[in-house]
Amino acid sequence: MALFAPDKLNIATLGNLVPQLPMDHVARYVSDPPWPGSVWGIFASALSDQGITPVFTQLRACVP
């Protein structure tokens, strides 16, 4: 929450096709194209492979 400062945080457990139970944490913003609807299966990723690298760097910095 502190890193991305979303308007809302959605947590979902959608494990229909995998044996493990994944937990997805989806930061949502009122500026999202599908707001307030679902993000599942509607839009492609908003970040390219190059654009996601800084996000991973920020996340790794939060892990001790």
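**Notes on a β-β-α model**

1. Starting with the surface: about 5,300 Å² of the protein is exposed, and carbon and sulfur atoms supply 62% of that area. Keep in mind as you read on that this is a predicted model.

2. On confidence, the mean pLDDT of the protein is 83, with 92% of the residues reaching 70 or more. Broken down by element, β1 has the highest mean pLDDT, at 90, while helix α1 (residues 49-62) has the lowest, at 84. The usual caveat goes here: where pLDDT is low, the predicted coordinates should not be read in detail.

3. The layout is quick to describe. There are two strands and one helix, and from the N terminus on they run β-β-α. Along the principal axes, the C-alpha atoms fill a box of roughly 30 × 30 × 25 Å.

4. How much of the chain is buried? Of the 64 residues, 11% count as buried. As for contacts with a separation of 6 or more, 22% of them are accounted for by residues 24 or more positions apart.

5. Arginine 28 is worth a click in your viewer. This residue lies in strand β2 (residues 24-28). Is arginine 28 buried or exposed? Arginine 28 counts as buried because its relative accessibility is 3%, and the cut-off for buried is under 20%. Leaving aside neighbours within four places in sequence, the contacts of arginine 28 fall into two stretches of numbering: Pro6, Asp7, Lys8 and Asn10 on one side, then Pro34, Trp35, Pro36, Gly37 and Val39 on the other.

6. Now over to strand β1, which covers residues 8-12 and holds isoleucine 11. Isoleucine 11 has a relative accessible area of 51%, so it counts as exposed, the cut-off being over 50%. Not counting residues up to four places away in sequence, isoleucine 11 touches Met23, Asp24 and His25. Another distance you may want: the C-alpha atoms of isoleucine 11 and alanine 27 are separated by 8.8 Å, with their positions 16 residues apart along the chain.

7. Alanine 12 also sits in strand β1. With a relative accessible area of 16%, alanine 12 is buried, since that value is under 20%. Its contacts, again without residues up to four places away in sequence, are Pro22, Met23, Asp24 and Trp40. Glycine 37 is 25 residues from alanine 12 along the chain, and their C-alpha atoms are separated by 14 Å.

8. Met23 has come up twice, as a partner of isoleucine 11 and of alanine 12. Where does methionine 23 lie? It is in the loop between β1 and β2. Methionine 23 is exposed because its relative accessible area is 51%, which is over 50%.

9. Which residues make the nonpolar surface patch of about 420 Å²? Met1, Leu9, Ile11 and Met23 do. Two of those names are the exposed residues discussed above, isoleucine 11 and methionine 23.

10. Last, the helix. Phenylalanine 56 has its place in helix α1. At 39% relative accessibility, phenylalanine 56 counts as partly exposed, because that value falls between the 20% and 50% cut-offs. From C-alpha to C-alpha, phenylalanine 56 and isoleucine 42 are 23 Å apart in space, and 14 residues apart in sequence.

Terms used. Residues numbered from 1 in each chain as written. Predicted model: local features only at pLDDT ≥ 70, side-chain atom pairs only at ≥ 80, totals over all residues. Heavy atoms only, no water. Helix = DSSP H or I, 4+ residues; strand = E, 2+ residues; numbered from the N terminus. Buried < 20%, exposed > 50% of the residue type's maximum accessible area, 1.4 Å probe, protein only. Contact = heavy atoms within 4.5 Å. Areas by Shrake-Rupley, 256 points an atom, 1.4 Å probe, with all protein chains shown as cover. pLDDT = per-residue confidence, 0-100. Patch = residues over 30% accessible without salt bridge, like charges linked within 9 Å, V, L, I, M, F, W, Y side chains within 5 Å. Salt bridge = Lys/Arg side-chain N within 4 Å of Asp/Glu carboxyl O.
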